[in-house]
Amino acid sequence: DGNYCLTCGSDKTLKLWNPHKGTALRTYQGHGYEVLDAAGSFDNSQICSGGADKSVALWDVTTGQVVRKYRGHAGKVNCVQFNEEATVIVSGSIDSTVRCWDCRSRRPDPIQVLDEAKDGISSVKLSAHEILTGSVDGRVRRYDLRTGQLFSDYIGSPITSVCFSKDGQCVLAASLDSTLRLLDKDTGELLGEYTGHRSTTYRLDCVLNEQDTHVGCASEDGHVYFWDLVEGSLALSLPVGQGVVQSLAFHPRLPCLLVATQGQVTLWREDTFQPEGDPN
């Protein structure tokens, strides 16, 4: 709902924040190594996380306890996502597989393993009936769960991040050739290319803003870049810090952006921005 945010890092913990006040609400400890990704459930009651200890964890937000630990990946877990109902966790790993875990059963093994990638999975996103993955093998893969079909688009350069547009018509992919590409989801047609940032080494995020008018990307030069989606022209370059900017997240509905770099998170928003409801 845009009222809270999650961070995770090399200190093996996750933290829950009220980003609008800058207050830390809770710390979650239970991973044995650095935590590489985390996501919240639709009702804010659960968190899933994945880390370099090869495990996926399901947390209870209120108690701070690990409810379940899922082990099965052969390498570090780069990305995790809940499905819409938070009944399934989907995780992507350096072991080249995507695994789907049932949050409600006691089964230790995944309900599905997607092993089409030829190299590590860097990014996973979900829609109501699709799983979108980006891999170091240079391919964007989309699994349509209703029809049981796999659609694959070859980008060529290792992919660091993928996401759906808000209208569900397009896919945005960031890769290590310092280029963002917007693809038509159904045909794979290249609709736009966006350059000017630097992405050659690290796994950096790409995003679309809350209205699908701009695409954005983190960069290794300490900036965040935004382009006009239709025209492809550079619209904004935000100076964040000295080091690599790794993570970006947009508020689901309002012009408000979270950026993570070198152990700190900064919040950017318009002067007129008002947080909704005032969470504690």
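In this predicted model, strand E23 contributes the most to the lining of the second largest pocket, supplying three residues. The volume of this second largest pocket comes to about 340 Å³. Of the 14 residues that line the pocket, those closest to its centre are Phe226, Leu236, Phe250, Pro255 and Glu270. Two or more lining residues come from each of strand E23, which spans residues 234–239, strand E25, which spans 256–261, and strand E26, which spans 264–269. By residue class, the lining of the second largest pocket comprises nine nonpolar, two polar and three charged residues.

Strand E25, which is among the elements that give two or more residues to this lining, is also paired with strand E24, formed by residues 245–250. The two strands, E24 and E25, run in the antiparallel sense and are held in register over five bridges, with alanine 249 standing opposite leucine 258 of E25. The connection from E24 to E25 is a hairpin, and five residues make up the link between the two strands.

Elsewhere in the chain, strands E16, E17, E18 and E19 form an open sheet of four strands, arranged in the order E16-E17-E18-E19 and paired in the antiparallel sense. Strand E16 (159–164) and strand E19 (190–195) lie at the edges of this sheet, and each has a single partner strand, so that one side of each is left without a neighbour in the sheet. From one strand to the next, the twist of the sheet averages 15°. Within the same order of strands, strand E17 (residues 170–175) and strand E18 (residues 179–184) run antiparallel and are joined by six bridges. One residue pair in this ladder is serine 175 and its bridge partner in E18, threonine 179.

A further open sheet, again of four strands, has the order E4-E5-E6-E7 with antiparallel pairing. Its edge strands are strand E4 (35–40) and strand E7 (66–71), each of which pairs on one side only. With direction ignored, neighbouring strands of this sheet are turned against each other by 20° on average. Strand E7 is joined to strand E6, which covers residues 55–60, by five bridges, and the two strands run antiparallel; here serine 55 has arginine 71 of E7 as its bridge partner.

For the N-terminal part of the chain, UniProt lists, in an unreviewed entry, the feature "repeat: WD" at residues 1–27, 28–69 and 70–102. Over residues 1–27, the chain is 0% helix and 56% strand, and the C-alpha atoms at the two ends are 20 Å apart. Over residues 28–69, the corresponding contents are 0% helix and 57% strand, with the end C-alpha atoms 14 Å apart.

Taken as a whole, the chain has a secondary structure that comes to zero helices and 26 strands. As to overall dimensions, a compact globule with 280 residues would have a radius of gyration near 19 Å, and the value of 18 Å found for the chain therefore agrees with that expectation. Along the principal axes, the C-alpha atoms of the chain fill a box of roughly 50 × 45 × 30 Å.

Conventions:
Residues numbered from 1 in each chain as written. Predicted model: local features only at pLDDT ≥ 70, side-chain atom pairs only at ≥ 80, totals over all residues. Heavy atoms only, no water. 1 Å grid on protein atoms, 1.4 Å probe; cavity = no way out; pocket = protein on both sides within 12 Å on 5 of 7 lines; lining within 4 Å. Points joined across faces, edges and corners; volume = space filled by probe spheres on them. Nonpolar A, V, L, I, M, F, W, Y, C, P; charged D, E, K, R; others polar. Pairing = 2+ DSSP bridges. Axes fitted to C-alpha atoms, helices over the stretch in contact; angles between N-to-C directions. UniProt positions renumbered as here; feature names shortened; annotations may be inferred. Rg over C-alpha atoms; globule rule 2.2 N^0.38 Å.
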